[in-house]
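Open the model in your viewer and keep the selection tool at hand. The stops below go from the whole chain to single residues and then to the ligand.

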Amino acid sequence: MSRLIVIGGGGHGRVVADSARGLDVYDTIVFLDDAPDRMMDDGEFTVIGSCTELESVIRPGDSCIVAIGDNRNRAGLIERVLASGLPLATIVDRSASVGSACELGPGTVVLPQAAVNIGTKLGIGCIVNTGATVDHDCQLGDHVHVAPGAHLGGDVGVGSGTWIGIGACVRHGISIGRDVVVGAGAAVVDDVDDGLTVVGVPARRRDHTA
Ligand SMILES: CC(C)(COP(=O)(O)OP(=O)(O)OC[C@H]1O[C@@H](n2cnc3c(N)ncnc32)[C@H](O)[C@@H]1OP(=O)(O)O)[C@@H](O)C(=O)NCCC(=O)NCCS
């Protein structure tokens, strides 16, 4: 048994902590968050400081998870955790399923009722959120977020930093680039280049006007 430090005390952080608590691996779960006034005061979890205090609160035997939904912010904090020497946890909720021959990078979370099927590889700091499914032999880079209820068919490739929006679907064999945003509810049936935002059914590029 050991202590888990959860960085990020918003709604996502509480979901991740709840999954971690159900594993009976951690005897203590504490939070770091830069906005203590929004933190939970329900007595369930304790905030021990702000994210800037990370290095000063580490104790031998601790591990850490960065529980921030925004991919870029999560990536930055993961870099900092790695630089501190603190091990990154990988958390799979008890109700989630991960098939054989799958690889989950450090700092990756698979949340309640999600499924990751045989042969799929996820990089560092990915989120497979509540009820999302990632079918067989997919390859996800680092810091990818598959939002709640999104579904990826088999053999899908997703580049680092990409966000698949809530309830989106991606057809089998599709390749999605880095730093892409797939809008909520989209159906992706063609490959998507790096950096694009796509929305709709079928998903089409949305040009930024700002
Ligand atoms: C695609 C997305 C990133 C665009 O966000 P945005 O830049 O703030 O866009 P806006 O809300 O200003 O909308 C701009 C236009 O795009 C349309 N649009 C936005 N999201 C859309 C979507 N998912 N599908 C279809 N159209 C969408 C809006 O209707 C609007 O159209 P209009 O110009 O004709 O009025 C966002 O709407 C989205 O879907 N995010 C995913 C959210 C999510 O999955 N959250 C999960 C949290 S765990």
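This tour of a predicted model moves through domains, a strand, a core and a ligand site.

Start by colouring residues 2-89 as domain 1 and residues 90-197 as domain 2. Taken over C-alpha atoms, the centres of domain 1 and domain 2 are 22 Å apart. Where they touch, domain 1 contributes 16 residues and domain 2 contributes 16 residues. On the domain 1 side, select helix 1 (11-21), strand 4 and helix 3 (71-84), each of which supplies at least two residues. Helix 3 gives the most, five residues. By class, this side of domain 1 holds ten nonpolar, four polar and two charged residues.

Next, select strand 4, residues 63-66. Ser63 and Ile65 are buried on one side, and Cys64 and Val66 are buried on the other. Now add strand 1 (residues 2-7), which runs parallel to strand 4 and is joined to it by four bridges. Within this pair, look for isoleucine 7, which stands opposite valine 66.

Then show the largest nonpolar core, a group of 60 residues. Ile65, Val128, Val146 and Val182 have the most contacts inside it. Domain 1 and domain 2 each provide at least three residues of this core. Centre the view on valine 128: beyond its neighbours within four places in sequence, it is in contact with Val110, Leu111, Ala114, Val116, Val134 and Val146.

Finish at the ligand, which has 14 residues around it. Which of them come nearest? They are Gly165, Ile166, Gly183, Ala184 and Val199. The shell around the ligand consists of six nonpolar, seven polar and one charged residues.

Terms used. Residues numbered from 1 in each chain as written. Predicted model: local features only at pLDDT ≥ 70, side-chain atom pairs only at ≥ 80, totals over all residues. Core = buried A, V, L, I, M, F, W, Y, C linked by C-beta atoms within 7 Å. Buried ≥ 20, exposed ≤ 12 C-beta atoms within 10 Å, placed from the backbone. Domains from an automatic or database assignment. Contact = placed C-beta atoms within 7 Å. Pairing = 2+ DSSP bridges. Near = placed C-beta within 6 Å. Nonpolar A, V, L, I, M, F, W, Y, C, P; charged D, E, K, R; others polar.
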